[in-house]
Amino acid sequence: MGLKYRSEIDGLRAVAVIPVVFFHAGLESFSGGFVGVDVFFVISGYLITTIILKELENSNFSLKYFYERRARRILPALFFMIYISSIFSFVLLTRSELGNYFGSVSATILFYSNFYFWKTAPYFQSESELEPLIHTWSLSIEEQFYVLIPVLLLISYKYIRRYIFVLLSVIFFSSLIICQLFALKTGGTLNFYFTVTRGWELALGGLAAYFLIKNKVSIPETISGLFSAIGLALILFSTFYFSRDTLYPSIYTLLPTIGTVLIIIFCNEHSYVKKILSQKLFVKIGLVSYSLYLWHQPVLALSKIYFDEFTFSLTIFAISTAFVLSLLSYNCIEKPFRNREFVTVKHLFSTFTILILIGLMISLPSSNFFSAQSKNSTERRLAKLLINQDAVYLTKMDDRQFIKNRIMFEKFNPQTLVIGSSRVWQISSDIYDSELLNLGVAGASLEDHIAISEMAIEKFKPKQILLGVDPWLLNKYNYQARWKSLSKEYRLAAQNIRLKDTKNKILKSSSTNQDYYIHEKILENIYSSLNIRNLALTVDYDKDERSYIMRDGRIVYGKNERASDIKGKIIDYSMYHYEFSNEFFELYRKFINYLKNVHKVDVVLVLIPFHGPSYDLTKKETSVFLDLEEKFRQLSESEGVKVVGSYDPSKTKCKLTEFYDHIHPNSICMEKIFEKIR
């Protein structure tokens, strides 16, 4: 009783992969294209469960053979993509981008990239689009389940055969409940990558497989046609209606996944959906869908990184290139490796053992040598360049490590420091009329405030600090984990605050060693000889396409970063799940007290306005911003420090045209806030 070929399943794969490719390409019509991955999960659960249960019924199931087939299916094309992408990454990426890339290579080879990207690249944030291997998170989840599912089904079939459907149902419902709870708790960040919160999708495919194996009832033509059409409609609706703002994965994910199950169960020879999905074009795309999925993201990401402006014509060229590479991968890699006569079991596993070892031997030292924390990083090079230049172009990097290096190597002695998130980036020496250094970092958390302030005071001995106090600073569930790039620095600074002492010196414990080990010299020589990436660090002020960093730390936004039409939206950045934290409030109070009484620094709290329509919409939904603004004003009064500005733009007289988007005011708005101080 073999597995009957179903051409509509390959067609369904095409329906899944095309939206994913177009979504990652940035085509706005496919705003929910990410649901294609959920379709793949259900298909995988269905096919794997069907294969295992049928082989168990025939008494010819073999774990060894199962894993061999999975290895033949997944590893050849995956390693081909990784090795070719690695060569191009050496050619096209900056040092720190390369460090991040090789960190993801190690995670992908060892199949834990879902956890790696959970910590480093939230899926729906724009920076994730520039990660060449971010799409491998789904492969890691599938591989993790491939380790567990056959063992679980084998044991269940032997001891509780009658209750396999119940077991799959329990997995489905428990995983779905956990997924929904995590979605409500985290706003969809953690559960997007979490294996446990994705298990229900594969279990749903498994339930479909069990139903079809055990139920041989002939389904009437009208019912099969209706339900399979509903299934396709649910997938298409999700593809075009969902967006990055959709809470995902969550209960909403039932739409595309149930749609997939309806097609799997009800699509038969008489249904129109079968005829549509079985069209040659859909079937051919479905056959190469795995290779296309592998290749589309590195091609798109590397193209977006290299080209300053990713035009529509470049988008089409990148997608076309990914299709060509997928055809090459399918015909020259996938098909030959599935042939047991062409590649024997012995050769298969010996080849991939060698490839895994070589991959780890290259990726592990490379990720360390080119990382943001290394002496060879982009962050350190840019910080040194800014010592002698008026400005350098902004590039993808760890801005916390960049700020640390700015502090370490900076030569002038600012009297005023600016600490905060990207919302403070427009505060400059011109606006404040002072020797000022802006040390803002994207999404600054309370920990960032503490670590960066302590490092900067240790180096500069300023008279004044301006603290951009964002709403999420006091949110228990802000989920701003980027501060962990400075976790060591934060721990030392927090200890100083607790002891009301400055004995822990942060910068003095940081190495500025420039000596290279032999393997580092080899990596640097390879990189220097291959890399063609021109950062164009000298700023051309006549062109405004790219953002750049001024000498005093102010960010000048390029035209691609400035929204032309700012629409009102609920402000939920790091505030999706909100709970005021008394612990954070007390720590921030102690921090301000420490700055004022131990370091003898004048502290000013800066409340930065939000775009008017967005602020008004948010205020209608909740009074949280009003409450938090009042908390910061109470804090300023109790600690005897100044407070300027307001989250409400009407109180700062900032116009609608004086914003880059719904949370970032421009320099004209910021100048109005500081008129009172001047």
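Trainee: Which residue just after α20 takes a positive phi, and of about how many degrees?
Mentor: Lys461 does, with a phi of about 55 degrees. A similar question can be put to α21, which is followed by Lys500, with a positive phi near 55 degrees. Before we go on, this is a predicted model, in which local features need pLDDT of at least 70 and side-chain atom pairs count only at pLDDT 80 or more, while totals for chains, interfaces and linings use all residues. Residues are numbered from 1 along each chain as its sequence is written, and side-chain values use heavy atoms, leaving out hydrogens and water.

Trainee: How do you know that the span of α20 agrees with the expected one?
Mentor: Helices here are DSSP runs (H or I, at least four residues), strands being E runs of at least two, numbered from the N terminus. The expected span is 1.5 Å times one less than the number of residues. For the 15 residues of α20 that gives 21 Å, and its end C-alpha atoms are 21 Å apart, so the two agree.

Trainee: What makes α20 mostly covered?
Mentor: Buried means under 20% relative accessible area, exposed over 50%, and partly exposed in between (1.4 Å probe, protein chains only). In α20, 14 of the 15 residues are buried.

Trainee: Why is Ser59 called exposed?
Mentor: Its relative accessible area is 68%, so Ser59 counts as exposed. Ser59 is found in the loop between α2 and α3, and its phi is near 60 degrees, a positive value in a residue other than glycine.

Trainee: And is Ser574 buried or exposed?
Mentor: With a relative accessible area of 15%, Ser574 is buried. Ser574 sits in the loop between β6 and α23, again with a positive phi near 60 degrees.

Trainee: How do you know that the buried residues of α21 are on the same side?
Mentor: The buried ones are Glu489, Tyr490, Ala493, Ala494, Asn496 and Ile497. They cover an arc of only 155 degrees around the axis, which puts them on the same side of α21; the arc is that of the directions from the helix axis to the C-beta atoms. An α-helix has 3.6 residues a turn, so residues three or four places apart point the same way.

Trainee: What covers that side, and what does the opposite face carry?
Mentor: The cover includes α18, α20 and α23, where contact means heavy atoms within 4.5 Å. The face turned away from the buried side carries the exposed residues Arg491 and Arg498.
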